[in-house]
Amino acid sequence: MTKIAILGANGRLGRVVARAFIDAGYEVRAITRSGKVPAELKGATAVAGDGLDREALIRTTEGVDIIFNGLNPIYTEWVKCMPMAENVMAACRANGALHLAPGNVYNFGSPIPAVISEDTPFHPTTEKGRIRVAMEDLFRREADAGRVRTILLRAGDFFGGTGSGSWFDLVVAAKMNKGIYTAPGPVDLVHEWAYLPDLAKAFVGLAQNLDKLGSYEALNFPGHAVTDLEIKAAAEKALGRSLKMTSMAWWVLRAGSPFVAMWREIVSMSYLRFEPHQLASARLEGIIGAIPHTPLDQAVTEALEDIGIATVSDVAKAA
C-alpha cells in the first residue's frame, strides 16, 4: 500500500486531501503540530510534527512514498514559507519521497492575465508573489538536480470542506444567515475558485499517474471561473430564498492597514478581487482523465453545509 504523509492535515486543504487519499486506499499519515486530527479523518494515523522543525519533519515522514505539502502560514507570517519549503525538501530527500504541492496565482502579479495557462510567465508584483516564485524555484532546482521530484497543482481561491479561513466563509457567506451576500469585488468579474473536494481528487489522480509525469511538473487546475452573480444565484437556490447583495468595505481595510497587520496583508493582495482571471490547462485531462468538476449549484450547496449554513437539502433530509 502506498504511504502518503499529509503535512498540515488540520488545515482546510490538508484535511480534504487526506480524506481523498484515505478513500482512494492509501495509507495516510496525518501530520499536525498538535498530533491530533478531526474525526472526519478516521482511518489516518495522526502524528505530531512542526514544519519549522527540520529533524522532526524528517522523522515524522520516515518511510512514506509521498509527502503532500499542505503547510500554509497565516497571511501575517509568510516569512515562514521559505524555511518550511526548505524543510519539506529536506524531508523528501531524506526519505526518497515524491513531493505533491498546491500552487496559487500570486506568481503572476498585477495586472494578472485574464487566462493563465501552464506557459504563462511569472511576474510577481507583491511580496507574497515573490515568495511563491522563490518556493517554486527551489522545488524546480531540487528536481533538476535529481534530488526531489515535485508535482505542483495550481488552483484558485478555496471553497468547500470544513474549517475556516477562506474568502468564501470569511466574506462571501459570512452574513448569509442574515440574508446577505457579500461580494469581495465587482459582482460581474470572473474569478477563479477551486472546490476543494474536486481539487483533492485531482491530486489523487496525479499520484495514480506518475508514469505520465516528469521530475518537475507545474499544472493548472481549472475549477470554477465564475462571477459573484453566479455564486449568489447558486447560494439562493441552495437556501431557497433571495439574498441582498452588498460589497466588502475595502475602504475600511485600506484606512486601517497602517495599523492592523492582517488588514495590510489583505490589502496588498486586493488586486485579485478587481482583475478578472481564470486558470486553463492543456495537460491535466490528458494525465488524469476527466478533471473532477462538481456543478456549481451542488458545490455551493455542499460548501454552505460544510460551514454550518442550513440549506434546502438539509431541511429535506431532516424531514
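A crossover is right-handed if, with the strands pointing away from the viewer, the path from the first strand over the helix to the second runs clockwise. In this predicted model, such a right-handed β-α-β unit is made by β1, helix α1 (residues 12–23) and β2.

**The β1-β2-β3 region**

Strand β1 (residues 3–7) and β2 run parallel and are joined by five bridges, and within that pairing Ala5 has Arg29 of β2 as its bridge partner. On to strand β3 (residues 45–48), β2 again runs parallel, here with four bridges, and Ile31 finds its bridge partner in Val47 of β3. Strand β2 (residues 27–32) is mostly covered, since five of its six residues count as buried.

The helix of the β-α-β unit can be followed through one of its residues, Ile22, which is found in helix α1. Ile22 has a relative accessible area of 14% and is therefore buried, the cut-off for that class being under 20%. Leaving aside residues up to four places away in sequence, Ile22 touches Val28, Leu41, Lys42, Gly43 and Ala44. By contrast with these contacts, Ala143 lies 27 Å from Ile22, C-alpha to C-alpha, with their positions 121 residues apart in sequence.

**A three-stranded open sheet**

Elsewhere in the chain, three strands form an open sheet in the order β8-β10-β12, with mixed pairing. Because β8 (157–159) and β12 (224–226) stand at the edges with a single partner strand each, one side of each is left without a neighbour in the sheet. From one strand to the next the twist averages 40°. Strand β10 (residues 191–195) pairs with β12 in the antiparallel sense over three bridges, and Glu192 has Ala225 in β12 as its bridge partner.

The strand pairings described above for which bridges are counted can be set side by side.

| Strand pair | Sense | Bridges | Example of bridge partners |
|---|---|---|---|
| β1 and β2 | parallel | five bridges | Ala5 and Arg29 |
| β2 and β3 | parallel | four bridges | Ile31 and Val47 |
| β10 and β12 | antiparallel | three bridges | Glu192 and Ala225 |

**Nonpolar cores**

In soluble globular proteins, nonpolar side chains tend to be buried together. The largest nonpolar core here has 64 residues, of which Phe168, Met176 and Leu304 touch the most other members. Helix α3 (residues 81–95) gives the most to this core, with seven residues. Which residues does Phe168 touch, not counting those up to four places away in sequence? The contacts of Phe168 are Phe158, Phe159, Ala173, Ala174, Trp193, Ile231, Ala303, Leu304 and Ile307. A second, separate core of 37 residues includes Ile22, Leu199, Ile287 and Ile288, so that Ile22, buried at 14% relative accessible area, reappears here.

**Cysteines**

A disulfide is a covalent bond between the sulfur atoms of two cysteines. How many disulfides does the model contain? The count comes to zero, where a pair of sulfur atoms would have to lie within 2.5 Å to be included. For Cys81, the closest cysteine sulfur is that of Cys92, at 16 Å, which is too far for a bond. Seen from Cys92, the closest cysteine sulfur is in Cys81, at 16 Å, and a bond is therefore excluded by distance. Both side chains can also be placed by their accessibility: Cys81 is buried, with a relative accessible area of 5%, and Cys92 counts as buried at 0%.

Terms used:
Residues are numbered from 1 along each chain as its sequence is written. This is a predicted model: local features need pLDDT of at least 70, side-chain atom pairs count only at pLDDT 80 or more; totals for chains, interfaces and linings use all residues. Side-chain values use heavy atoms; hydrogens and water are left out. Two strands pair if DSSP finds at least two bridges between them. Helices (H or I, at least four residues) and strands (E, at least two) are DSSP runs, numbered from the N terminus. Axes are lines fitted to C-alpha atoms, for helices over the stretch in contact, and angles run from 0 to 180 degrees between N-to-C directions. Buried means under 20% relative accessible area, exposed over 50%, partly exposed in between (1.4 Å probe, protein chains only). A nonpolar core is a set of buried Ala, Val, Leu, Ile, Met, Phe, Trp, Tyr and Cys residues joined through side-chain atoms within 4.5 Å. Contact means heavy atoms within 4.5 Å.
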